[in-house]
Amino acid sequence: MLRPGDDRLADYGRDESHCGRFPPDCAVLVESADEAALVLRLAAEHRVPVTPRGAGSGMTGGALPVRGGVVLSTERMGKIVDIDEDDLVCVTQPGVITGELQAAVEERGMCYPPDPASLAFCSIGGNVASNAGGPRAFKYGVTREYVLGLDVALMGGERLRCGRRTSKGVTGYDLVAGFVGSEGTFGVVTEIVLKLLPRPPAVAALLASYPDMTAAGAAVSALIKRGFRPRTLEIADRTSLEHVRARAPGTLPATAGAITLVELDGEDDGLEAALVRAGQICETAGATDVRVASTDSERRRLWQARRVISPSLREAHRIKVSEDICVPRGRILQMLERIQALSVRFDLLVATFGHAGDGNLHVNLLSDADPDDGRVKERIEQALEALFRDTLELGGTLSGEHGIGIAKRRFMPLEQSEALMEWQRTWKRMWDPEELLNPGKVLPPHPRGCHE
Ligand code: MLT
Ligand code: ZN
């Protein structure tokens, strides 16, 4: 336990978002479900706020203790309990690093597909809390599709097991689906049963360069229309590519106007032919260069470069507000045009990259101005609201994978009706009537102020 006054508490008051620093009064690094439940019992008895925390890699401030109190960290619950080839199931504690879990199941010939870009340092418990996505979501879906069962410690100290270990199951209401993506506001996940898939025998990737994002977006739409099911269909613009140059020299073409990164998996037979067809579609859409990465090490280098886009942008700019809007797949080109127009209208440098195949774009508003300059803050706020309004007009949603946390809570009414949010407040009160568990997250206060 880190007690008041401990310098290390500062680390438990920040994450990967731009939301600021909120050091807690203390942090408890629990080692078991019983300890987690005990913290939640004592917190309820003494009416102290508790903020659950995984690895602190969240992008929306979801794990920041904005009301002080206790941070309940699951980082020490880092054991993979079971990997079962017969059942195609893995049972794990929440503190296991996602990339390590993937490597462990792959060693046994299986695969856990969800691959958030932060997989080298995010934890599986945090992925469950935020229903994390990632590039492979295009073919394989997001975390929720893989969570079969959960052990959860509830506010007040009760422990609940829900879900199952079987690949199918419709017994009772689907509480597991409700806990996944609830951003640590319903309970603290202490054990997770995950569905696994057989590891695909062959994987190959293709990197195509384009003069601009319009051509790259056209390639994404064309691949989808032609029925391609690559496991990833990523896009990145010129600004994103330029930033990667220093961290991963020579891997992504820094002078290209845009790229798409297409990765296919499946049986050895036919993969090469599919890759050639995909390359031709990219060329027809305007690709000026198409490169195939067929060895594991070539692919790994490409993905390392892709994964450092976000950290590189953060390193290079004093202000980086990173969004993860999602539009219907057929609207990607229109959304890219609107993002371009926003950059001009608000005179902000914008870097756009992400999971274009899913319509899920990371729009990063960048500036080197003083982050405390009120006029800059105001301009960014207006640009954000315009971005969300454009997204919603095209039938999209505020967040495709990072969640709401505190960063986007004020924008929720743009997308959801007051009635819908009130039903969600009712749901939250069922698990946490005193609003002590991860308070101040996801839902904005009731407009009449009675349920903050
Ligand atoms: C990514 O896809 O790189 C992550 O979601 C991080 C980000 O959006 O910045
Ligand atoms: Zn992403």
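## Rings, a zinc ion and a ligand

Visitor: What makes Phe179, Phe186, Trp427 and Trp431 a cluster?

Guide: Ring pairs link them. Rings of Phe, Tyr and Trp (its six-membered ring) pair if their centres lie within 6.5 Å; planes under 30 degrees apart count as stacked, over 60 as edge-to-face and the rest as tilted. The structure holds 6 aromatic pairs. By the way, this is a predicted model, where local features need pLDDT of at least 70 and side-chain atom pairs count only at pLDDT 80 or more. Residues are numbered from 1 along each chain as its sequence is written, and side-chain values use heavy atoms, leaving out hydrogens and water.

Visitor: Why is Lys195 said to sit over the ring of Tyr146?

Guide: A charge sits over a ring if NZ of Lys or CZ of Arg is within 6 Å of the ring centre and within 35 degrees of the ring normal. The charged end of Lys195 is 5.3 Å from the centre of Tyr146's ring, so the distance fits.

Visitor: How do you know which residues coordinate the zinc ion (ligand 2)?

Guide: Donors are N, O and S atoms within 2.8 Å of the metal (3.2 Å for Na, K and Ca); water is not among the atoms, so sites may look incomplete. His355 (NE2), His362 (NE2) and Glu401 (OE) lie at 1.9 to 2.2 Å, so they count as donors. In sequence, their spacing reads H-x6-H-x38-E.

Visitor: What makes the Ser310 link to ligand 1 a polar contact?

Guide: The term covers a pair of N or O atoms within 3.5 Å; within protein, one must be able to donate a hydrogen and the other to accept it, and residues adjacent in sequence count only if both atoms are side-chain atoms. A polar side-chain atom of Ser310 lies 2.6 Å from an oxygen atom of ligand 1, so that qualifies. For Glu401, the value is 3.1 Å.

Methods. Chains lettered and ligands numbered in written order.
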